[in-house]
Every structure is written in C-alpha cells, then in structure tokens.
2 protein chains.
Amino acid sequence: MMPAPRRISGVEASTMSDSKTSPRLLTTTTVRGVESPSPFPSSTRVYVEKDGLRVPFRSIALQGEPPICVYDTIGPVGHSLQDGLPRLRAPWIDERIAAKHPRPTQLFYAREGTITPEMKFVALRENVTEEHVRSEIALGRAIIPANIRHPELEPMIIGRNFLVKINANIGNSAVSSSIDEEVEKLQWAVRWGADTIMDLSTGKDIKATREWILRNSPVPVGTVPIYECLERVKGKVEHLSIDLFLETLEEQAEQGVDYFTIHAGVLLRYVPLTAKRVTGIVSRGGAIMAKWCLAHHKENFLYEHFDRICKLLAKYDVSFSLGDGLRPGCIADANDAAQFGELETLGELTTVAWAHDCQVMVEGPGHVPMNKIKENMDKQLAICHEAPFYTLGPLVTDIAPGYDHITSAIGAAMIGWFGTAMLCYVTPKEHLGLPNRDDVKAGVIAYKIAAHAADLAKGHPGAQERDNALSRARFTFRWKDQFALALDPETATAYHDETLPADAAKDAHFCSMCGPHFCSMKTSQDVRDFAASTSEATSAEIEIGLRQKAEEFRERGGEIYSAE
Amino acid sequence: MMPAPRRISGVEASTMSDSKTSPRLLTTTTVRGVESPSPFPSSTRVYVEKDGLRVPFRSIALQGEPPICVYDTIGPVGHSLQDGLPRLRAPWIDERIAAKHPRPTQLFYAREGTITPEMKFVALRENVTEEHVRSEIALGRAIIPANIRHPELEPMIIGRNFLVKINANIGNSAVSSSIDEEVEKLQWAVRWGADTIMDLSTGKDIKATREWILRNSPVPVGTVPIYECLERVKGKVEHLSIDLFLETLEEQAEQGVDYFTIHAGVLLRYVPLTAKRVTGIVSRGGAIMAKWCLAHHKENFLYEHFDRICKLLAKYDVSFSLGDGLRPGCIADANDAAQFGELETLGELTTVAWAHDCQVMVEGPGHVPMNKIKENMDKQLAICHEAPFYTLGPLVTDIAPGYDHITSAIGAAMIGWFGTAMLCYVTPKEHLGLPNRDDVKAGVIAYKIAAHAADLAKGHPGAQERDNALSRARFTFRWKDQFALALDPETATAYHDETLPADAAKDAHFCSMCGPHFCSMKTSQDVRDFAASTSEATSAEIEIGLRQKAEEFRERGGEIYSAE
C-alpha cells in the first residue's frame, strides 16, 4: 500500500526512507537560545542555530525522560499586531535583490544549484540535508512558498518527501466577521499547528484584512485573487478581464501573498461535462470562470494569458496553487470526466509555469469515496509531473454535515499517505456556516492527526518519536507527560479531570476507565518484570525461567493490585 | 484497492457486488404500519411487513423528493424501563424449543438448510435474499448474535457481505457511574445508530446493571465475563478457575447476553513476547489471563477448557467474540509477534467453536499505523477462515488523546473497507476517562461515518442513496432536507443557525460561507440550465449551442447574482 518509489524520466525518485535523514529527536546540545515559554504546558520555544540561521522548535520537557523537540508553527511571540512580526528574511532578500538575479524564485536558484537561506532553514526544520531540499525543489517536487514581499515568513516546504503539511482557511464573507476576528483566527490556527493559511475573504475590507494578516503571519499566506476581482466588478462576472486580474494580482503580490489559487484549468469545453453532475461546480472560483466562459463563449482568460500571469508571479516568487475549479462536490461526482479533464490542463500549465521558474502546486478534491482516492493521487503525479498535490480533504461521505472535519480527515490521512504534500483543512462548519474560533481549532487538530498519521504510514524518519514518547508516558502513568505530548494538552487534561480531578490522580498508577483492580498497564508492567529476563532465552530456558518465576511470584504474595 | 473476491478452499467467496441484492431505497408501497414519530426530525419509524415479520426502518420525509428509508437501530419506543421492551422473538424461540433441536444456534440451522425468522428478519433489514443470509452464516462468514434468552432483540447480522456495523461500549467502573446512567447510555447509543452494545461494567451491581440493560436493549449485548469473575475473587487473579468462569458464563447466558468476549488465545508462550513492547498488554482481559498463566505457570484455562465453554455457549446460542488480549496498545507495538501469534490461536479456536455449531467473530486491534492495517485484515481472513472481524478502531496515531474518536475513525473506515464486519467505537475520552453522554454520541457518530464510508467504498448496493439525496438537497438549497438526512440533524441545524439564524434563511438560495454574490451552487445551476441541452450533442453541436446560449445569456441580462 505504501506508494512505491516512482520512476520519472529514468530517474529514481527519492522516498522518505532513502533520503539522507536522521531521527528528528534533537539532542539538547544542538539547541541554542531558549526563548520565552510557548503557550503549551511544559514547553519552550527553542532555536537550532546554524550559519546565522535560527530555526524554531518547541521543546517539551518531560518528567521521566529527556525533552522532545517538535516542529513549531507558532512564530515569534510577544509582538504587537501594529508592529507586525520581525522581518526575518529581509537581509536574505535584500542581498538577492542587490545581485540582480533574473528571476528571484526558489525554483530558479535550485535549478542553478544555489542553496538559499530559505532552503537551509527548511533543511534544519525538517532535519534533512540542504541538498535534498534543493534537489526536490529543482525537480518541481517541492515548493517553498515565500513571496519576497513577505519577509516575516519562517520558511517551510511543501512536497511529498517532507512532513505532510496542513492549511487552514480563514477570511470573512459578506455576511460575517471582522478584521480583528480574522487576525485572531490566523494566530489561533498557527498556534494549533497550521503550516499555511489562506485568506478567503470576500466581504468588505479585503485588502486591509490581508495586510493585517500578512504582517502578522509567520506562515505562508495564500489567496484566491478572483474573489477580489469579482468584488471590484461588483459581482458582475462578465466584466472580469485579464487586465483587471493582473492588476489585482500585482497588488496582492506587492502586499506579500505567498501563493495564489488560480483557476486556469476551467476550460470552456469542460463546462458542459458538469451539467449532469449531482452538485455541478462547487468551487467558487471554478463557478466564476465557468460562468465567464459561457457568458462570452470564449476560452478562460486565465488560461489564454497564463504566460503573463507566470511573469508576474516569477517577479515576486509567488507560488502557483493551480485551482481545481471542477472538483467534485459530492460522492456521486467523484473522479468524473470534468474533474480529470481539468487535471490534464493543470498538468500542461505546470510545465508552462516551470518554464518561467515559477513554483507550482496543484489543488485536488473534494468529495471522494475511499475506493477512488488513490486514483486521484496516481493521476496527479503522472499528469502533473510530480508537482506537489494540495487537496481539500477529501470527504469520504456526504451524510455528516456538522462532522465534515471527521469525514474529510479520513480521506486526508489516506491521500496524505499516498503522497499528497499538503492537506487543506475542513472544519465542522463546512457546508453550514463560517468557522469560528472553536471550529478552526477542531479543523486544525483533525488535520494534524491526518497529516501525522500519513507521516507515520510513509515512514517519515523520526515521526514516530512523539507517539513512542507519549506511549511510554502512558505505560508508566506519567499523566502530565502524556498531556504535554498531546496535540491538545488542554482538552486531554480537562477530559482526564472530569472523572479524576484530584491532583494526586495525576500521579495515580491507574485511571478512571478501569479503576485500580482492572489496570492492564499495571499487569503489563508485572508481566514485563516477570518475563524480561527470559525474553532473550531459548524456549527451554524460558520454560525453566517461568517456572521459577511463578514460584517467586506466589512467594511474594502474588498480588500487585493493592488499592493504593 | 477494493479487496478482490477471495478464494477459500476452492470456493469463490461472494462479494457485495455479486450478491443478489437490490438498492436499499424502499418504495412507500412496501412499507406498512407507520408508528409514532422517531426522535429525528421529519422522520417516522415504519415497518416492512412480510410473513408475519415487522422489520423497522426510519422513513425520512423530504420536501423536494420522495421519502427515503434508512436502517433503524432505535428499537420500539414508549415502553417503561420497568416493563422492558416487547418480546419480539419469544414465539420464534418457543417454537424451536418445542421442536427440541440438538443445538439452537443460527449456525446449526443455517448448516442444515433452515431459514430462521431471525434470518428472514435480517434479510429484509439488509434488503438481501434470505438464502444469502443463510449461506453466509453457514459458511461462518456472518453471525446473528441472538441469545435465546434475549427475546427483546431485533435481529441484526455481522458479516463483511452486509452493511458494516458498529458497537458502543458502555458500563460503569469502580470509580464512576450508576445503573440509570448506563441504561440511558444504551438508549442514547442506539438512538445515534449503535448496532450492538457491550456492557463492560467492572464496578458494583454488575449483574443488576446487566439485567436492566438486557431487558431494554433492542440490539445485541456483549460482555467480557472475566471481569465479573475477577470481582467474585475480589481481584485476586490467581484464584480464577474454569469452574468459576463457567458458572459466571451460565448466569450471564441465562440473563440473555448475546456475545461473550473470551480471551482464550492468550497462551503462556505468547506472554514473554510482550515483554519488550512499549505498552505491554493493554487489553484488560488479556492482562488478567497473562497474569494467571504466569502465576500458575499453566496454560490459559480458557484455552484448555474451550470445549466446555463451547458447549455452554451453544446451549443458548451465545456468539463467541474471540478476544484479542495481546492487541497492540501503541503504534510501536502494531503487527508484532505476540499479536499475530495470538491470531493463529484464534483461528484454531474458531474451528473448534464451529464444530460445536457456535457462531464466532474475532476481535482485532487496537493501535495500527495506516500502512499496517491491510495486513491485519488479510491475515485475519486467512487464519480465521473468514470468520467476521470485529476491530477496535484501529487508532492510526498515539499523539491525540482527547481526539481518539478521530484517530481511530480513520483506521476504522479503512479496515471496514478492507473487510471488517463490525467496528468497536472509541470515544473522545479513550485513555483519559469514562465516556459520558456527549462522548458516547461523539463516538457513535464518528463510527457511523467510518462504517458508512466503508459501505460506500465496498460498493454496498444502495448505500450511496442517502449521500445522493443529501447532495441533491444541498445543490437545490433545501436546507431542511439536508438537516433531516444528516447523521446528526440537531448539530447540523445548530451550526447553520449560528451564522444565519432566521427561519427565512432556511429557504435562502445561498449560505453564510459565500453570501449571495459568491454562491457556486447558484452558478452551477445556471451552468446546468445553460449546458444541459448540449451535453448529449457532438462537439460541433456544442460549439454552436454554446455560441447561441452565450447570446441568450447576455440578452437576458447576464446576471444571476441578484441579492434577493
């Protein structure tokens, strides 16, 4: 089931297990400069320093064993919203501008063999070699979305031979929410582990909202620029044009947006293929472009003028996120001709963008039953030349509105395992309303689970360290260590305290599920002590050893279930 | 990815798609005897009647299309707890007792070619032929857990060529909860769709709690009898014996328990294999038996006296649920020698139980990373001769205590697709505390999602009808129909109302996510109207048609985004 190494153009693609990586568990000696506490219990934000770079991690102190370091998306803390975050990348960018490279994109540098500070940063962050990072970018298999106008960014990489990433969508609409709320959602999303965020605002103050978000975002920010274009033509789709689009793109690129979703694959000839679908076109961008195509009976202007778009994006190193405007909106429409037709076009556009040294990822569905998920991944890799896949879920059933973070986490975990590089979260409010703070958290946690499950299934080096540490804590009843290692320590602690609230219970060698008499963990420890000395022995020796130990066990009372 | 039809002993196993089934969507003409409203909105409990049998369904009335009937686990409503439920099966059982069959088990009847009322009932319930039911039971591939002392039961079937089922665990412990709470949890669990429940009580009043549960349970009830045995010897594992065990079994069988988890596969020689595990033995039953084996240095008495246990279970038609006492309790321990060693023994015991005409299912893990899940299913089918698999999750990561309904729903959906017949739910409190009412609901809903996703992926006939109906309602903005078709209408409605509370919004042709200007569904309808007439045409005709339609579209104003 693990996707086999793929051969593309006669080259053996690297996989997680054969890349030059070592376990992510960092020793304390490599960590420098402990900063102020992180918002998580027993945690501090620490930095790994090398070549003048300071790469953040969260160090979780444990009671029973050495601290464990985990990937940290929170960004620098303690700055005012007004000031924005420190401009970490400013000197790197300034130096490159001074050198007057023809195209300041990470793909350009990777191809010419240059390892940028951004590449070094992500190499330390992922605990892989700089050359692995450069090579994956040069091959188009990974991107570092990092607009030269977004210096506040802590660089991260999106590619299937790295940790699986997650995106959280925020943004207001005509009927709900304010700028403050959106910036708060950004900070809340990265606190829980969002690797990128997309600002999908469609209401008033689009530009100002985006500015506040960008200046305070330590993670890449994506947008769907056609939304702002549509606001500018007051909702009249027919009035959209390439000139308006490029003007809007340039403004957003100037602000520092790191990647743009562009629905250039919605071609006129694909639109009739959606007519018999159960839910037609569910992508907003896709619907807008389909409507424009029909109204003018012309080919999608984003496709027709894709070269001009590439030139603009290359100037700022804005990455493409090629939008899947015809993604299926329900189980019945999955993997149909419209969806896969558009995918062919996205593959063609990937090649065009690469010719301009633009970084590219490709968006994917949507709603897909489990038996049809792998086909999506396999086709995308083949058709889009291994450009990173970035999927929304997919949701594996339509019947659970209110729980679509779960219906989609199932599909997301699977497609992440199959090779999707970034998973776009879905919140419990999907299909029903705009997510609030609680929904953003629920969506991010569900997707951290899916992404981490995918990392485990892919055998990402070191991914299992956190599972093992938590399981060791569980086995030895180090409750506080369990909570500290949990994705959501607050919730784990609160759930535990509901039945056994006393502080003493946190040191108890049993829990409320079984009570002291039925504790399998306690029995296990006994079995372990009992059998450990014989486990390396031969069968005959085990036989003798167990007999002796049975005697000993009975002699010392044969009772380990004291009620304490 | 869909498991191919398996050949066992030269016989082609039936699969969902080649069984004689028709879509589950029932026409109103086949429905008789509408009863009082179900607790769900727009729903009534209805019965399909045939040969004197009355098989329950929930009929969901829709505004825009005919009603849809779905599987209903709630049981008869309106009875007092004191009286218990009506004794539906009493006449069937009495008739068989009068006929003095040697062994009153469904497997016995199936093998001799008799189709029992229980088989007829499940055939109607699953919309498959009676012969399909009989044949699957005769081959050991499915069971109808139905103790002859539990006449209140509405029969259901567990097997991979039927709908995937889910189990909810309830039960008190020494430190928490009361009888009232447990009966309420039973009713709450079946309300949300639990197909069976297990009473895992270990505290006081075990027997009385079980009696209240059985007399009020319309679904099969399972137990782990070793828990009660351990209470009887006051927690002193060494004092357990086969006589005490059989005595306890007989009492529970007399009460009407439908299936027993029995950890007869925990053999002495497997115990040392757990010593180097990260979390040792996590099954309470497994730990108890391992401790007994070590204390006495004897083979597990459940294994040694398995024949006697079979004889007792056959007398009441209590089904075996062969416990996986050595299941992995963390990612690191998955698929190890201890786990698969025990599985070999469970395969051996399956054959023994079948020789006594006992119905058997086999329990499975636990904690398993995604890449190791399929091996579990494949081995179980091969080793246990296709006896139904009944798994706990599996959880695909250890790092999310508080969210293990999600970590495990991912694994459950996958293993259900691969062929697991019943999924044991996990609640958000797993590893932390005993589930309360909210946790039971969260666990059941997550598992309904997993089971339904598996039914879709397996291509179960008719499973997609509900998804399609909900998606049609979504596309045409029939909000009330969407809510009525949802697994949890209350939550879906509440989430919708948070942003657009007005009743009028339930008829609105847009929603809070996009607002009226950005509604892709509205655009889609336009595209559909626009392109429908050309979708069957040739490319040339489409070309002409689209040109014409572009003209028409502009003529009529080209604006469908009126703000309403």
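Accessible areas come from the Shrake-Rupley method with a 1.4 Å probe. I note at the outset that the model is predicted.

**Entry: chain A, surface and burial**

I looked up the accessible area of chain A first and recorded about 18,000 Å², of which carbon and sulfur atoms supply 52%. Chain A has 564 residues, and I noted that 68% of them count as buried, that is, under 20% relative accessible area.

**Entry: chain A, composition and contacts**

I listed the secondary structure of chain A as 20 helices and 16 strands. I then took the contacts in chain A between residues at least 6 apart in sequence; 71% of these join residues at least 24 apart.

**Entry: barrel of chain B**

I traced a closed barrel of 8 strands in chain B, in the order β9-β10-β11-β12-β13-β14-β15-β16, with parallel pairing. From one strand to the next I recorded an average twist of 25°. I checked the pairing of β9 (residues 165-170) with β16 (residues 422-424) in chain B and found 3 bridges in the parallel sense. In this region B:Ile166 stands opposite B:Leu423 of β16(B). I also located helix α11 (residues 306-316) of chain B, which lies across β12 (259-262) and β13 (319-322) and runs at about 140° to β13(B).

**Entry: largest pocket**

Which residues are closest to the centre of the largest pocket? I found A:His405, A:Ala442, A:Tyr495, B:His405 and B:Tyr495, out of 28 lining residues. For the space in this pocket I recorded about 710 Å³. I assigned the lining to helices as well: α14 (404-418), α15 (437-458) and α18 (489-499) of chain A, and α14, α15 and α18 of chain B with these same residue ranges, each supply at least two residues.

Note on methods: Residues are numbered from 1 along each chain as its sequence is written. Chains are lettered from A and ligands numbered from 1 in the order in which they are written. This is a predicted model: local features need pLDDT of at least 70, side-chain atom pairs count only at pLDDT 80 or more; totals for chains, interfaces and linings use all residues. Side-chain values use heavy atoms; hydrogens and water are left out. Two strands pair if DSSP finds at least two bridges between them. Helices (H or I, at least four residues) and strands (E, at least two) are DSSP runs, numbered from the N terminus. Axes are lines fitted to C-alpha atoms, for helices over the stretch in contact, and angles run from 0 to 180 degrees between N-to-C directions. Contact means heavy atoms within 4.5 Å. Buried means under 20% relative accessible area, exposed over 50%, partly exposed in between (1.4 Å probe, protein chains only). On a 1 Å grid over the protein atoms alone, a cavity is a set of points where a 1.4 Å probe fits but cannot get out, and a pocket is an open set with protein on both sides within 12 Å along at least five of seven lines; lining residues have an atom within 4 Å of a point. Grid points are joined across faces, edges and corners, and a volume is the space filled by probe spheres set on the points.
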